[in-house]
Amino acid sequence: MKVRIEQMNPVIGRIDGNVELILEVVARAESDGIDLLILPELVVCGYPPQDLLEKESFREYCYRANEKIIDATGTTALLFGTITSNPARLGRKMFNSAILARGGKKLDQVNKTLLPTYDIFDDLRYFEPNRRFDCMVLDGVKLGVTICEDIWYNENEVQYHHYDVNPAEELKELGAQVIINISASPYTKSKHEHRLEMLRSHAKRFGLPLFYCNQTGAQTEVIFDGDSCLLSNRGDLVAMAEPFEPGTVDLEWEPDSGRVKAAQTVVLPAAGRHARILGAIRLGLRDYLAKTGISEKVLLGLSGGIDSALTAVLAVEALGPGQVTAVTMPSSFSSSGSVNHSQILAEELGIEFHEIAIQPLFEEYQQALEPLFHGTGFGVAEENLQSRIRGGLLMAISNKFGHMLLSTGNKSEVAVGYATLYGDMNGGLNLIGDLYKTEVYTLSRWLNEEWYGREVIPNAILEKAPSAELRPDQKDSDSLPDYEVLDKILFRYIDCQQEKREIIEAGYVPETVQKVIRLVDNNEFKRYQAPPILKLSPKSFGAGRRWPLVQGWTGHETG
């Protein structure tokens with residue numbers, strides 16, 4: 001049997017466009033003599049469709065799209081993910097389904113069993129779970145079809161809860177000759193290795209080949225890496241699609257013997273951790289602009305610091321230098337190096353670069369506020385005022401020319417609130433808000449040393465002490481613990497969800513731990529007003545971390 005696993009990049013809600021893509025790949029599979037074409041989870045409507053699913057008109061449009069796709073099938077059997085109606089009077093209105101069709105007819109359907117409700121997932125909000133297991137049958141061959149979470153039976157990166165049913169095991173017991181998984185499984189920095197190990201364990205445990213088809217592309221902050229692959233019944237990785245782009249894995253499968261082989265010579269992707277982070281961010285920015293239609297160009301403020309420098313490099317990587325504009329906005333507190341280093345970086349990247357001095361504006365603001373501020377010292381209000389002047393200027397440029405503004409705060413700053421609302425937090429998207437400060441430095445050095453092989457980000461930026469430069473001789477360390485310490489505490493508290501007691505027992509100073517936790521908890525109001533942050537970790541700020549803004553939990557005192 002000739003099988004094609006096709007990873008695709010649908011757009012949430014663009015049903016006609018998604019159907020057009022599906023019909024194109026179906027026609028290509030027919031032309032290539034493919035017996036079975038496998039497409040990702042919810043490829044018809046895109047994933048996650050969220051509350052679009054509550055609209056009856058949306059659901060009905062999807063159902064009609066399903067029929068159009070089924071009608072278009074010919075000699076190639078098509079397995080695709082979509083929503084289907086729940087005919088029962090009780091329960092939720094729809095299923096998350098996989099449909100098997102051929103020759104203009106629907107041959108079979110299976111529904112998703114395990115409906116995740118953790119991190120970004122909220123499947124049980126919309127879908128009725130499957131309660132009855134059956135193999136799909138194609139030309140007498142039994143296909144064990146699972147949908148995304150169904151194959152992650154108690155093997156997730158972060159185990160929020162344990163399932164009491166293993167869909168793949170149920171299908172194996174029913175005589176499945178292969179395990180097929182169609183997915184919309186998001187990227188994280190550790191997902192590639194963890195997912196592959198999980199798939200290997202399933203293939204080896206059940207002694208069956210495994211066909212894995214994952215969505216690629218980005219939907220707002222969530223990035224799908226693809227990594228669609230073929231594994232033998234011994235758990236060997238036979239072939240894998242290139243990550244972060246549409247692609248296929250073609251294979252030949254002998255159902256009786258279980259033997260599988262790639263239909264062509266396949267070079268398995270060898271991208272390392274940092275290359276994958278780069279690939280994820282590039283895809284995240286490209287798709288955000290393309291799918292929203294906000295703009296084709298981006299704008300950012302270059303401060304002379306590492307965060308804005310890395311953001312500029314990533315923007316150029318994603319869009320090209322002609323689509324990126326940078327503005328440096330020095331005040332009397334800015335070091336001469338900040339402007340010079342920003343200009344050097346801009347020239348190295350080949351991007352449009354402008355300088356607007358904010359000192360005259362800052363002085364005018366101070367004069368206007370003097371009657372109210374009289375008798376008070378220079379403080380946070382004056383520091384934030386500079387940031388808000390810069391943010392206002394950038395938004396004006398964005399409005400005038402239609403460039404989307406990029407926010408440049410890292411995860412450490414976003415976590416503890418070391419950022420200014422309506423100032424440096426302005427923007428339509430944040431590329432590095434899920435990278436801790438230490439990770440920003442590591443990725444920047446990797447870009448210079450490994451990706452480019454030359455000094456693109458000036459070493460002077462990498463070597464100078466981090467500073468907001470909003471008052472004389474200011475350093476981040478004046479207000480925050482050293483980033484090497486801060487990031488380790490933040491990782492334990494946010495990513496690992498450890499209690500204060502656990503962090504202290506790991507060897508950190510109690511007063512420092514208490515301060516960091518207090519800063520994280522007290523600055524939730526800022527994160528509520530922040531732009532979307534590209535999700536790179538299992539626990540990022542945004543849709544995957546739902547912390548109440550108004551709350552009185554003081555469990556840290558007893559934890």
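## Strand β7 and its neighbours

Let's start with a single pairing: G144 has I179 in β8 as its bridge partner. That link belongs to a parallel pairing of β7 with strand β8 (residues 179–183), which is made over four bridges. Keep in mind that the model here is a predicted one.

β7 also pairs with strand β6 (residues 136–138), this time antiparallel and through three bridges. One of the partnerships here puts L138 opposite V141 in β7. The two strands make a hairpin, with two residues sitting between β6 and β7. In that turn, D139 is the one to check on a Ramachandran plot, since its phi is positive at about 55°.

## How enclosed is β7?

Strand β7 covers residues 141–147, and six of its seven residues are buried, so the rest of the structure largely encloses this strand. Buried here means under 20% relative accessible area.

## Helices α1 and α2

Now for the helices. Helix α1 (residues 15–31) and helix α2 (residues 56–72) have axes that come within 11 Å and cross at roughly 15°. That angle is under the 35 degrees cut-off, so α1 counts as roughly parallel to α2. The crossing of α1 past α2 is right-handed.

On the α1 side, the contact uses I15, D16, V19, I22, L23 and V26. These meet F58, Y61, C62, A65, K68, I69 and A72 from α2. Sorted by type, the contact residues come out as eleven nonpolar and two charged, with no polar ones.

Note on methods. Residues are numbered from 1 along each chain as its sequence is written. This is a predicted model: local features need pLDDT of at least 70, side-chain atom pairs count only at pLDDT 80 or more; totals for chains, interfaces and linings use all residues. Side-chain values use heavy atoms; hydrogens and water are left out. Buried means under 20% relative accessible area, exposed over 50%, partly exposed in between (1.4 Å probe, protein chains only). Two strands pair if DSSP finds at least two bridges between them. Axes are lines fitted to C-alpha atoms, for helices over the stretch in contact, and angles run from 0 to 180 degrees between N-to-C directions. Angles under 35 degrees count as roughly parallel, over 145 as roughly antiparallel, 65 to 115 as roughly perpendicular and the rest as oblique. A crossing is left-handed if the near helix is turned anticlockwise from the far one by less than a right angle, and right-handed if clockwise. Contact means heavy atoms within 4.5 Å. Ala, Val, Leu, Ile, Met, Phe, Trp, Tyr, Cys and Pro count as nonpolar, Asp, Glu, Lys and Arg as charged, and the others, Gly among them, as polar.
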